[in-house]
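Me: Please take a close look at one part of this model: the aromatic rings and what they pair with.

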Amino acid sequence: MVDRREFLRLGTGAALGLAAVPVRGQSDPAIRRYVRLGRTELKMSDISFGSASMSDPAVVRHALARGINYFDTAESYRGGGSEEAIGAALKGRRDRVLIASKTKADTGDTRADMMQSLERSLKRLQTDRVDVYFNHSVNDVARMQNQEWWEFTELAKRQGKIRYRGMSGHGSNLTKCLDYVIDNDLADVILVAYNFAQDPSFYDKLRHTFHWSAIQPDLPRVLEKAKKKDIGVIAMKTLMGARLNDMRPYERPGTTFPQAAFRWVLSAPQVDALVVSMNSAGEIDEYVAASGTAQVSGIDMELLERYALLQSGRYCQSACNDCAGSCPQNVAIAEVLRTRMYDVDYGDTLLARTEYAALGNPADACLTCTVQSCLNACTRGIPIADYTRDAAERLG
């Protein structure tokens with residue numbers, strides 16, 4: 001058996017007794033599978049368009065040409081520029097596509113506030129309706145307990161401005177929020193952070209070699225409960241930080257790390273489809289090449305295992321929450337590290353600063369902290385104090 005150090009030293013091909021081979025793209029890859037999104041009965045591309053870092057209509061048009069029919073956006077993405085780009089690109093094609101957008105409806109927001117947010121999104125999208133409207137990035141059950149959200153979505157449905165309502169989330173209280181939403185029938189669709197590093201079954205295969213434990217062991221249970229109620233389940237954050245260049249030396253023709261990660265997610269019976277940020281024609285072509293395939297090969301697993309090892313001690317896993325309560329200043333460590341990831345890993349400084357500011361510049365206290373009680377709080381070995389200080393300096 002190859003031990004951890006040797007596994008990291010060897011390339012994937014070398015570990016299998018083969019030479020590493022550069023990746024070659026397919027010609028004109030396209031979506032090959034459209035899936036039923038739960039009880040909505042909407043048929044969406046299994047790999048769909050995320051736009052958190054995108055504001056170019058040409059990229060949207062390329063995705064459409066490759067067969068993608070579901071476009072995910074939010075009022076906060078690129079300061080509204082993402083919605084504007086999608087609206088411009090899909091004008092005149094509205095009946096061919098599905099559009100989902102999001103708003104952060106808070107505990108004190110009224111239905112009038114929410115309607116204003118929706119109206120602004122519709123204007124930017126140049127449409128009279130969205131197919132799914134999400135309460136965005138929910139990490140507090142109280143946001144979904146706000147009766148105004150229910151009343152607003154019911155009214156917007158009656159007016160034809162939204163077809164279905166949803167909840168999105170990737171924070172430390174994800175499973176708690178999902179349990180409440182599912183039990184109280186508050187969503188037709190859920191959009192959740194889900195990747196190979198969050199599922200116990202993935203780490204079960206590695207534990208005897210690398211002595212790892214599962215993150216988010218309760219998430220599969222919650223997703224299975226959603227499926228039993230026929231709630232549509234869409235996965236996001238499927239690339240575990242998307243440090244794609246780390247993996248290029250180990251990839252092969254037809255099997256890149258993103259493609260392996262997508263196949264793993266789509267092989268899960270509790271997931272309908274996934275959305276992933278697409279920022280260029282090249283990314284779109286690489287990503288949609290994994291469409292239609294829900295079988296994970298041995299080579300796929302080699303890539304996923306290697307990536308997980310390389311990111312150990314570097315990547316803050318969505319909804320892990322091991323560090324909760326370790327800071328005497330109550331810094332929201334996981335949320336701070338998420339915003340830092342947007343800058344360092346995604347290269348999207350605008351999104352990072354926007355999200356960091358929305359948290360109220362929470363890591364300022366880290367710049368002068370001498371206690372550093374967070375030092376050993378991460379079970380993955382992330383240097384929390386270094387990362388939070390870096391976030392405050394980069395984004396504050």
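Reply: The ring pairs come first, then the charges over rings, then one threonine.

This is a predicted model, where local features need pLDDT of at least 70, side-chain atom pairs count only at pLDDT 80 or more, and totals for chains, interfaces and linings use all residues. Residues are numbered from 1 along each chain as its sequence is written, and side-chain values use heavy atoms, with hydrogens and water left out.

Rings of Phe, Tyr and Trp (its six-membered ring) pair if their centres lie within 6.5 Å; planes under 30 degrees apart count as stacked, over 60 as edge-to-face, and the rest as tilted. The count by this rule is nine aromatic pairs. One of them joins Tyr133 and Phe152, edge-to-face, with 6.0 Å centre to centre and 65 degrees between the planes. Tyr133 belongs to strand β6 (residues 130-135) and Phe152 to helix α7 (residues 147-158), so this pair ties together parts 19 residues apart in sequence. Helices (H or I, at least four residues) and strands (E, at least two) are DSSP runs, numbered from the N terminus. Tyr133 is buried, at 0% relative accessible area. Phe152 is buried too, also at 0%. Buried means under 20% relative accessible area, exposed over 50%, partly exposed in between (1.4 Å probe, protein chains only).

A stacked pair is formed by Phe257 and Tyr307: 4.1 Å centre to centre, 15 degrees between the planes. Phe257 sits in helix α12 (residues 257-266) and Tyr307 in helix α14 (residues 298-311), so the pair ties together parts 50 residues apart in sequence. Phe257 counts as buried at 0% relative accessibility. Tyr307 is buried, with a relative accessible area of 0%.

One aromatic cluster is made of Tyr133, Trp149 and Phe152.

Next, the charges. A charge sits over a ring if NZ of Lys or CZ of Arg is within 6 Å of the ring centre and within 35 degrees of the ring normal. Arg340 places its charged end over the ring of Tyr387, 3.9 Å from the centre. Arg306 lies over the face of Tyr250, 4.2 Å from the ring centre.

Last, the threonine. Thr40 is in the loop between β1 (34-36) and β2 (43-45). Thr40 counts as buried, at 3% relative accessibility. Its side chain reaches the backbone oxygen of Leu37 at 2.6 Å. Setting aside neighbours within four places in sequence, Thr40 is in contact (heavy atoms within 4.5 Å) with Tyr164, Asp188 and Val189.

Key: A polar contact is a pair of N or O atoms within 3.5 Å; within protein, one must be able to donate a hydrogen and the other to accept it, and residues adjacent in sequence count only if both atoms are side-chain atoms.
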